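Hi there,

I am passing a structure over to you, and I hope you enjoy looking through it. My notes follow just below it.

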Amino acid sequence: MNDSSTPYIKNAIRAADVVIIGAGHAGCEAALAIARLGCDALLITMALDTVAQMSCNPAIGGLAKGQLVREIDAMGGAMALATDATGIQFRMLNSSKGPAVQSPRAQADKWAYQHWMKRFLETSPGVRMLQDRVVEIVTENERVVGVRTAIGLEIACKAVVVCTGTFPRGKTHIGSHQAPGGRFGEPAAEEISGSLTTLGLPLMRLKTGTCPRVLSSSLDYDRMTIQPGDESPVPFSFLTRKLEVEQVPCYATWTTPETQQMVADILESTPLFNGQIEGVGPRYCPSFELKVARFPDKDKHHIFVEPEGRYTEEVYLNGLATSIDPEAQVKMVHSIPGLEKAEFMRFGYAVEYDAICPSALRDTLETKKIAGLYCAGQMNGTSGYEEAGAQGLIAGINAALAVQQRPPFRLRRDQAYIGVLVDDLVTRGTNEPYRLFTSRAEYRLLLRQDNADLRLTPVAKELGLVDDARAERAERLQKEVDDAVATAAKLFHEGKTIAQHLRNPKMEWTDVLPMAGGWAAGLSERVAEQLRIACRYDGYLQRNLAQIKRVDKSLHLRITDTFDYDLVQGLSNEAREKLKKIRPETLGQASKISGVSPADLAILSVRLSSLQGKFAAAENTSETFTETDR
C-alpha cells in the first residue's frame, strides 16, 4: 500500500490500492494501467472464466475503433497485443481512402482472446484477481474507503474503478421470455446499482443486443460473397513486427424483401415495440426490428457471416441483432440467401442495464460527487469493446495517480481519439449507447491510426506506463521521420523538391523512388509512410495545428452579455441556441456547453479575436462600436 494515511474500512480482511469491479475490456485495461504505475490492483469479477469475453461480435477495431486500440497500445495497454496473438482475419478498412479514415479491424478467436487476456493479467506484477461480486462501495466523508462483497469480504482500498458492463440490474429478453442477467445465462449484478444510487449518482437505463449464432456446416457459402483478409496483414500492436497467421474468411449476404415483410408483420408485438423493453438502444448498431421500422422502403440489409473462432463451428450473423421470439428468429434467418438451412446454436437477445449519466463524471472519469470513485466502459453509457478499453485505461491511470498523490492525467481532443471519447461523454453526456466515429474527431488527420505511437508513447513514458526500450524505439522512429521530412524538403529533382513531388496526388511512391536516388530506397516502410503523409497533407496538417493553437490561446477571451450570436455565421443551430440561453462569460466556459462543438468554438474564436482587435484599435482612435459590430 502506498499511503497508510488514507482511511480504510475498519477490520477489513483484505486491502488493495485500487479495486476494479468487473473484468471486461474496461476492467482489464484499468487493472493493467494501475499495476504498470506501481500500484496494487485487485480485479474482482463474478466469473474468472469470462474475463475479456466478447459478448457480441468477436472482432476488434473498425472505423475510429481501430484508432482507439492503437492508442491503448501506445499507452502500454494489452488489447492490441491480444488481438495480434489471437486474430484469425486482419483487414485495413478504407485502405483506398485517405489516411485520416483508415482503420484496422481484426476478427478474433473469441475464446483464445479471453484466455490470452486472463493469462496476461495473471502474470502481470501488481495485478491480483478474485472471483466474487461487489455489493457495496463504502465511503467516508464522500471518499471511497473500500468495498463489500457478496460472500462477506470487506476490502479496504483508496480508489475503486467500476467496470460492470451490462450487469447492473441486467435483464435479458428473447421474445416474451425475460430473465435477470448481464449476459444470457449469467446472473445480473443487482446490488451495485443500489449502492451507486445511495451515493447520489444519477443512473439511466440503456439497452443493447446481440445476434444469433448458427452452425457453420449448415450454411451454403456458395450463395454468399467471400470476404478474405488482407494479403499482407498489418499488426495492431507497434510491438508486433510481423503477423504470420493463416487467415479465416468471412462472408457477406443480404436480407430479402421476405425478411423485411416477415419482421414488419410482427413488429408491434416484439419486445422493442410492445413496451417490454424500456432502455434506450444504440443508434448506430440497432436491432434488425429498428432497421425495418426506420427504413420501411429498404428491401435488403447487409449481413456479415463471421466465425467465432478457429476451432469452432459457431458463426456470428453480424447485422442481425434481435430480441424477437425464437420461432420468428428462425423464420427470419431462413429467409436470407445462404442461411436457408441454418441450424441455431444461440438465439439473439436484448439486454437492459443501468449506466451512470456521464455528465456526473470529471474528465478524469472520477465521479464529481465521490472522491476516488471512477467509472469506465458501458457503465458510462458507451458501446464497444474498444471504447470500454480506452476508458478503462484513463480511469485506471487516474485512480493510480490519485493513490500516489500525483496530478491527474487528461488527453485533449487534439491529442487522441481517447480524448475525443472522454470529452464527448463528460461535456455532452449521452442518452443512448455512445459509439465513436472518425467524424466525431475534428482533428482526425492528426489522430491517425498509423501515428498513435509517435503521438502517445512519449506521454506514456513520462507517466511511467511504458519501459525505456519502447520509449526509445518511438523516439528513434520520430527522429527518422523528422530527418526524412527535412531531407525531402531540400532534395531537388527537375526543379522541385521531393516534398513537392510527393504533394502531387497522382504521384505514387514508386514514381518518387528513382527521383530521390538511394536515400528514399533506404527508408523503412514506417518512415516512408509517415513521409508520404507529411508531405501530401502538409497544408491540411499545418492548418489543423494553427487552429489548435488559436483555440488554445483564445479560451480566455471574454464574451459580453450583449454579444449577438445571430451575427456569427457558421455556428450550428444547436450551438447558437444554447449559447444564447446560457450566456457563457468566456470562450472556455462556452467550450464546456453540451452541443457546442470544437468547430463552433473555432468560428467563435475567430469572431471574438477579430472584435478584440477592433476594440483595441478603437481605444487608440476614439472610434466606437455598436452591438451590430459584434
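In which sense do strand 4 and strand 6 pair, and over how many bridges? Strand 4 and strand 6 (residues 103-108) are antiparallel partners, with three bridges between them. For the wording: strands (E, at least two residues) and helices (H or I, at least four residues) are DSSP runs, numbered from the N terminus, and two strands count as paired if DSSP finds at least two bridges between them.

Before going on, please note that this is a predicted model, in which local features need pLDDT of at least 70 and side-chain atom pairs count only at pLDDT 80 or more, while totals for chains, interfaces and linings use all residues. Residues are numbered from 1 along each chain as its sequence is written, and side-chain values use heavy atoms, with hydrogens and water left out.

**Sheets and a hairpin**

Strand 4 and strand 6 belong to an open sheet of three strands, ordered 4-6-5 and paired antiparallel. Strand 4 (59-61) and strand 5 (87-93) are the edge strands, each with a single partner, so one side of each has no neighbour in the sheet. On average, neighbouring strands here are turned by 15° against each other, direction ignored; the angles are taken between N-to-C directions, run from 0 to 180 degrees, and use axes that are lines fitted to C-alpha atoms, for helices over the stretch in contact. Within this sheet, Ile 60 stands opposite Ala 106 of strand 6.

Another open sheet has six strands in the order 16-17-18-19-15-20, again with antiparallel pairing. At its edges are strand 16 (225-227) and strand 20 (344-346), each with a single partner strand, so one side of each is left without a neighbour. The average turn between neighbouring strands of this sheet is 35°, direction ignored. Strand 18 (residues 302-307) pairs with strand 19 (residues 314-318) in the antiparallel sense over four bridges, and Glu 306 has Tyr 316 in strand 19 as its bridge partner.

For a hairpin, look at strand 12 (residues 171-174) and strand 13 (residues 177-180), which pair antiparallel over four bridges. Two residues lie between these strands, and Gly 175 in the turn has a positive phi of about 60°. Thr 172 is bridged to Ala 179 in strand 13.

**A pair of helices**

Helix 9 (residues 385-403) packs against helix 10 (residues 417-428) at an angle of about 85°, with the axes 10 Å apart. The two are therefore roughly perpendicular, a term that covers 65 to 115 degrees. Helix 9 makes the contact (heavy atoms within 4.5 Å) through Glu 387, Ala 390, Gln 391, Leu 393 and Ile 394, and helix 10 through Ile 418, Leu 421 and Leu 425.

**Domains**

An automatic or database assignment sets the domain bounds: domain 1 (16-204 + 355-458), domain 2 (213-352), domain 3 (479-547) and domain 4 (553-626). The C-alpha centres of domain 1 and domain 4 are 37 Å apart. Four residues of domain 1 are in contact with seven of domain 4.

Happy exploring, and best wishes!

Methods: Parallel < 35°, antiparallel > 145°, perpendicular 65-115°, else oblique.
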